[in-house]
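Hi there,

Here is the structure I promised to pass on to you. Have a look at it first, and below it you will find my notes on what turned up.

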2 protein chains.
Amino acid sequence: MSETTGRLLRLLSLLQARPAWAGEELAQRLEVTDRTLRRDITRLRELGYPVEATPGRYGGYRLVAGGAIPPLLLDEDEAVAVAWGLRTAAAWALPGFEDPAVMALAKIEQVLPARVQERIRALSDATVRVGTQFPSEGRLDVGTLVAVARARQTPERLRFVYRDGSGRESERHVEPYQLVHAGRRWYLFAWDRDREDWRSFRVDRMSAVQPTGMRFQRREDAPDAATFVAEGLAVGVYSYRARVVLHCPIDEARRLVSPTAAVLEEDGDRTLMRIGADDLDWIARYLAGMPVRFTVLEPSELVEAICDLAERLRADAAQAVTPAEPGSAP
Amino acid sequence: MSETTGRLLRLLSLLQARPAWAGEELAQRLEVTDRTLRRDITRLRELGYPVEATPGRYGGYRLVAGGAIPPLLLDEDEAVAVAWGLRTAAAWALPGFEDPAVMALAKIEQVLPARVQERIRALSDATVRVGTQFPSEGRLDVGTLVAVARARQTPERLRFVYRDGSGRESERHVEPYQLVHAGRRWYLFAWDRDREDWRSFRVDRMSAVQPTGMRFQRREDAPDAATFVAEGLAVGVYSYRARVVLHCPIDEARRLVSPTAAVLEEDGDRTLMRIGADDLDWIARYLAGMPVRFTVLEPSELVEAICDLAERLRADAAQAVTPAEPGSAP
DNA sequence: TCAATGCGGACCGGAACTGTCCACATATCG
DNA sequence: CGATATGTGGACAGTTCCGGTCCGCATTGA
């Protein structure tokens, strides 16, 4: 049953696995005659997936760009690579693509076998954090983010434990309305069932997230999520906000600085960078890691943090085994 | 024609877009009766995609993990996010997943409209390099990597311009056999048609890559690619190799250091790190960016590089506008 | 207990699919 | 130029499948 659909998917999979195929080879793989293969090709085209054919010697079929985006048929390892990449994208919160990344991640993680999900989690725990270089304080659990995104899409009520600014934990039961990404962090805008009011939650402070399976009707009178969250944030997202002039043109700065890490502005042939963090030492290390000279405008504490870092580096360097000969580490 | 196949794909797409659906809603969206919907669900199950159904109030269908990985149906933005993530994964060369990442990237970039590819290229130019923090010398063009991967898969002859170690450029015409990832770099192992011999090429030194469209028969007597490349590398992949003791347990080090950037070994409650680069200053900056103390074992030039960096930081800090008041940058 | 929800058998008419046969168009190679 | 390899698509016939309709059953939650 459903022979042809399965075959079309297999055909699509073959066309994706290799850029070009001879018709006869495809027909053999699919165990149909060449005539049927041609009909299948036509069907794919009718579905909006452009297959280009070239006649003559070295001719054949290839799936090309242009029409609808065809279903991606991935094997397990490829799926792991995709999921890992998306986790990175979501954690970096690639500007303009926060949402698609999380959506795509929800799609793919929903269907991957549990043991594969384990592998992904292990991998991304090991690597994502390095890439982002966020201060360790606000580590985002991408699994939580995906769980929240899915609940909001069903839509389905959610239970979780929330740790507020002062470290107190409370259990919450909410109806999720919207995920908002602001200032390098993710927020959930939701209706709190117990408090009977709208609330926003920092996703990195949520834990033990449990979808309840209970669907709900979205309220008509929901305020605008972005506005609501923005108001809550108005006062200080970060403990420190720094302004630094980088001694390089803005183009070079763009290549060095992740758009999610800081805001850049042109300043003649130099670049003004605004960066926020809860930890001045983190900013100092960030600056030290860049291959450009700079000038701190504010805050003055940052100057101290940089001096401290320089001192620390000098001390570490001084400690080096001077003969520089191997034969140490046991 | 092919009514049912298209409908099955749409159904799959719906099931991916939202975790749970009521049968009636699905039937309405697909414009069929509920009986036909049930038949479609059965068809999906027969194709190996497990759809779970729960009866009763709040029941419905959901696509679950377990069977084959279903075709991923992405919209354009999601595809961009996926492609961006994969580029990151390929450039980082996530250990064990270098190949799947490049394969998946080839699959998806093959079918994305040109303007979307432009967006991806712009995005990843801006961000990937930051994440990797590679020395600027060896910047890998992921587009080149994908082009090579596809040619090797067809398999199809390839023309490109190669810049060798001494900077000389030459045009090459090769039959690509294998991509090998070693020491943070990608190599192409191929048969050089003009020189009539096996060669390996560093992908970051290839440019103007052009698939010729001419397919070829793989030779039987091809040597093992990994071995061949490894031999070529035996002498110095990097100009400098450093050994540094990090003053933290290996677990913490693992979270701080990308597995592709350096090799870590336990050393009591500390960690021995081996790291290679063509630029000592890059290593110095890498160390400065980490929130741990360290001791350099070798080379002694690295100690100097760190002192230089510390001096530079101090100088930059000293240059700061001392009153630390805004109102500068025009 | 009732309502909402999913399940699947039976039937039937119409539509779709496949293989076969065939004439044709378009490249590449010698 | 001709031979060969490759893709194109019409026509036909037999078979299969598909979708709608109707119906009774099973499971879940309020």
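Let me begin with confidence, as this is a predicted model. The average pLDDT of chain A is 82, and 86% of the residues score at least 70. Two stretches of the chain deserve some caution. Residues 128-137 of chain A stay under 50 in pLDDT, and for them the model has 27 contacts beyond four places in sequence. The pLDDT is also below 50 over residues 323-330 of chain A, a stretch with eleven contacts in the model beyond near neighbours in sequence. Where pLDDT is low, the predicted coordinates should not be read in detail, so please keep that in mind if you plan to use those contacts.

Next, the two protein chains. Chain A is superposed on chain B by a rotation of 180° with 0.0 Å of shift along its axis, and the RMSD is 0.2 Å. This is the relation of a two-fold axis. Both copies use the same surface: 98% of the contact residues of chain A recur in chain B.

Now to the DNA, starting with strand C. Around DNA strand C there are 25 residues, of which Arg7(A), Thr36(A), Gly23(B), Arg38(B) and Tyr61(B) come nearest. Sugar or phosphate accounts for 61% of the strand C atoms within 4 Å of the protein, and the rest belong to bases. Which elements supply this surface? At least two residues each come from helix H1 (3-17) and H3 of chain A, and from H3, strand E1 (51-54) and strand E2 (60-63) of chain B. H3(A) gives the largest share, four residues. Sorted by class, the surface near DNA strand C has eight nonpolar, nine polar and eight charged residues.

A few polar contacts to strand C may interest you:

- An N or O atom in the side chain of Arg7(A) is 2.4 Å from a phosphate oxygen of DNA strand C.
- Gly23(B) uses its backbone: an N or O atom there lies 2.6 Å from a phosphate oxygen of DNA strand C.
- Arg38(B) reaches a base, with a polar side-chain atom 2.4 Å from a base oxygen of DNA strand C.

DNA strand D is surrounded by 23 residues, and the closest are Gly23(A), Arg38(A), Thr4(B), Thr36(B) and Arg39(B). Of the strand D atoms that come within 4 Å of the protein, 58% are from sugar and phosphate. Here the elements that each supply at least two residues are helix H3 (34-46), strand E1 (51-54) and strand E2 (60-63) of chain A, together with helix H1 (3-17) and helix H3 (34-46) of chain B. The largest share, four residues, comes from H3(B). The surface near DNA strand D has six nonpolar, nine polar and eight charged residues.

For strand D, these are phosphate contacts I noted:

- The side chain of Tyr61(A) has an N or O atom 2.8 Å from a phosphate oxygen of DNA strand D.
- In Arg7(B), a polar side-chain atom lies 2.7 Å from a phosphate oxygen of DNA strand D.
- Thr36(B) has a side-chain N or O atom 2.4 Å from a phosphate oxygen of DNA strand D.

Away from the DNA, chain A has some strand pairing to look at. Strand E3 (residues 156-163) and strand E4 (residues 169-182) of chain A pair in the antiparallel sense over six bridges. Within this pair, Phe160(A) has Arg172(A) in E4(A) as its bridge partner. The hairpin has five residues between the strands, and Gly167(A) in it takes a positive phi near 90°. E4(A) also pairs with strand E5 (residues 185-192) of chain A, in the antiparallel sense over eight bridges. There, the bridge partner of His181(A) is Trp186(A) in E5(A).

Finally, some backbone details. Most residues other than glycine have a negative phi, and most peptide bonds are trans. What kind of peptide bond joins Thr154(A) and Pro155(A)? That bond is cis, with omega about -10°, and Pro155(A) is placed in the loop between helix H7 (142-153) and E3 of chain A. In chain B, the bond from Glu298(B) to Pro299(B) is cis with omega near -5°. Pro299(B) sits in the loop between strand E11 (294-298) and helix H11 (300-318) of chain B. Glu196(A), which is not a glycine, has a positive phi of about 50°; this residue is in the loop between E5 and strand E6 (197-202) of chain A.

Happy browsing, and best wishes!

How values were computed: Residues numbered from 1 in each chain as written. Chains lettered and ligands numbered in written order. Predicted model: local features only at pLDDT ≥ 70, side-chain atom pairs only at ≥ 80, totals over all residues. Heavy atoms only, no water. Near = heavy atom within 4 Å. Polar contact = N/O pair within 3.5 Å; in protein donor to acceptor, adjacent residues only side chain to side chain. Nonpolar A, V, L, I, M, F, W, Y, C, P; charged D, E, K, R; others polar. Least-squares fit on C-alpha atoms with pLDDT ≥ 70 in both. Contact = heavy atoms within 4.5 Å. Pairing = 2+ DSSP bridges. pLDDT = per-residue confidence, 0-100.
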